[in-house]
Amino acid sequence: MKRTLITFFVTVATLFAATPYAVAYDCEVDGIYYSRISATEVEVTNKVFSDQNHAAYTGTINIPATITYNGKTFNVVSIGDYAFRDCASITSITIPNTITAIKSFAFFNCSSMTSVNMPASVQEIGMGAFEGCSSLTQMVLPKGILVIENETFFGCKSLKGVVIPASVTNIGEEAFSRCTSLISIYCLAKTAPECEPNAFSKVDRTWCTVYVPSNIKSYKDNAMWREFFIEEYTEKSDDIKLDVPTSSN
């Protein structure tokens, strides 16, 4: 069995070595690449599954809610794994309210991206989705998110403010690790979300304030959260505004 697995991996490695890149999309419409996932739906994908993807997308990206290809209309429902990986020239992105999932490493190393317009329709954000987005300054997560996955914002060194919705129950390993500029966290859950011990590794708790609803005790009794300054916020959750600059340090 072990020898069979070794042979399999060697074969796969040989195929990738022999192929300069692998085409990852089914169609291209107005400069955005898509894979078909059902009779009526597509997801945004990467141009090629290789390091050559870095030049596939640049500037401001506006993802449409629907596309028409070969005379047929499709709903754009997700952003696929690695879709914008290493696209270091993207500066901002607008996501339509048809999108329900942003998959793993979708925006990995989009180092010039300063803003993301994310709709309430997003219910899932995958592991490492915004890892290495070093110019991103703020993030308001949609209300339906249940888990902030491992490494979601790892290395977002310009991230100063984040709003975590009341729906979140768990924050994964290194989710905000190395977010060294983080100074404001609005955590809207009345019961403190469970966090992995290294979820906020390298965040300076001396200067970072966590703003919470009236149940401060839940946070102060939590071994991880009580390391931060904790204050109640007074505004309605829908009125919270992150007063942070929109450009990197």
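Which residues line the largest cavity? In this predicted model, the lining of the largest cavity is made up of Ile125, Leu141, Ile145, Val147, Ile148, Glu149 and Thr152.

## The cavity

A search through the whole structure turns up 1 cavity of 30 Å³ or more, and the volume of the largest cavity is about 30 Å³. Rolling a probe the size of a water molecule over the atoms is what shows where empty space is left.

When the residues of the lining are sorted by character, 5 are nonpolar, 1 is polar and 1 is charged. Two of the names in the lining, Val147 and Ile148, also deserve attention for another reason, since residues 147-148 make up strand β12, which returns below as part of a sheet.

## The protein as a whole

The secondary structure of the protein consists of 2 helices and 18 strands. Of the 249 residues in the protein, 48% are buried.

Contacts can also be sorted by how far apart their two residues lie along the chain. Among the contacts in the protein with a separation of 6 or more, 45% are between residues that are 24 or more positions apart.

## A sheet of five strands

In what order do the strands of the open sheet of 5 strands stand? The order is β11-β13-β15-β17-β18, and the pairing is parallel. Strands β11 and β18 are the edge strands, each of them pairing on one side only. If direction is ignored, neighbouring strands of this sheet are turned by 20° against each other on average.

The sheet can be followed from one edge strand to the other, bridge by bridge. Strand β11, which covers residues 138-140, is joined to β13 by 3 bridges, and here glutamine 138 stands opposite glycine 161. Strand β13 is in turn joined to β15 by 4 bridges, again running parallel, with valine 163 opposite tyrosine 186. Strand β15, residues 184-187, then pairs with β17 in the parallel sense over 3 bridges; in this pairing serine 184 stands opposite threonine 209, while isoleucine 185 has valine 210 as its bridge partner. Finally, 4 bridges join β17 to β18, which covers residues 229-232, and tyrosine 211 stands opposite glutamate 231 there.

## Two strands covered on both faces

In a regular strand the side chains alternate between the two faces of the sheet. It is therefore useful to ask about each face of a strand separately. Strand β13, residues 161-164, has both of its faces covered, for Gly161 and Val163 on one side are buried, and Val162 and Ile164 on the other side are buried as well.

Strand β17, residues 209-212, is also covered on both faces. On one side of β17 the buried residues are Thr209 and Tyr211, and on the other side they are Val210 and Val212.

## Two residues in the sheet

Is glycine 161 buried or exposed? Glycine 161, which lies in strand β13, has a relative accessibility of 0%, and because a residue under 20% is called buried, glycine 161 counts as buried. Although glycine 161 and leucine 242 are 81 residues apart in sequence, their C-alpha atoms are 6.1 Å apart in space.

Cysteine 187 is found in strand β15, and this residue is likewise buried, with a relative accessible area of 0%. Leaving aside its neighbours within four places in sequence, cysteine 187 is in contact with a set of residues that includes Ile164, Val210, Tyr211 and Val212. Of these, Ile164 belongs to the buried residues of β13, whereas Val210, Tyr211 and Val212 belong to those of β17. Other contacts of cysteine 187 include Pro193, Pro213, Tyr219, Trp225 and Tyr233. The C-alpha atom of cysteine 187 is separated by 9.9 Å from that of serine 167, a residue 20 positions away along the chain.

## A second sheet

Another open sheet is formed by 3 strands in the order β12-β14-β16, and its pairing is parallel. The edge strands of this sheet are β12, residues 147-148, and β16, residues 194-195, and each pairs on one side only.

Strand β12 pairs with β14, residues 170-171, in the parallel sense over 2 bridges. In this pairing the bridge partner of valine 147 is asparagine 170 of β14, and Val147 is also one of the residues that line the largest cavity.

Key: Residues are numbered from 1 along each chain as its sequence is written. This is a predicted model: local features need pLDDT of at least 70, side-chain atom pairs count only at pLDDT 80 or more; totals for chains, interfaces and linings use all residues. Side-chain values use heavy atoms; hydrogens and water are left out. Buried means under 20% relative accessible area, exposed over 50%, partly exposed in between (1.4 Å probe, protein chains only). Two strands pair if DSSP finds at least two bridges between them. On a 1 Å grid over the protein atoms alone, a cavity is a set of points where a 1.4 Å probe fits but cannot get out, and a pocket is an open set with protein on both sides within 12 Å along at least five of seven lines; lining residues have an atom within 4 Å of a point. Grid points are joined across faces, edges and corners, and a volume is the space filled by probe spheres set on the points. Ala, Val, Leu, Ile, Met, Phe, Trp, Tyr, Cys and Pro count as nonpolar, Asp, Glu, Lys and Arg as charged, and the others, Gly among them, as polar. Axes are lines fitted to C-alpha atoms, for helices over the stretch in contact, and angles run from 0 to 180 degrees between N-to-C directions. Contact means heavy atoms within 4.5 Å.
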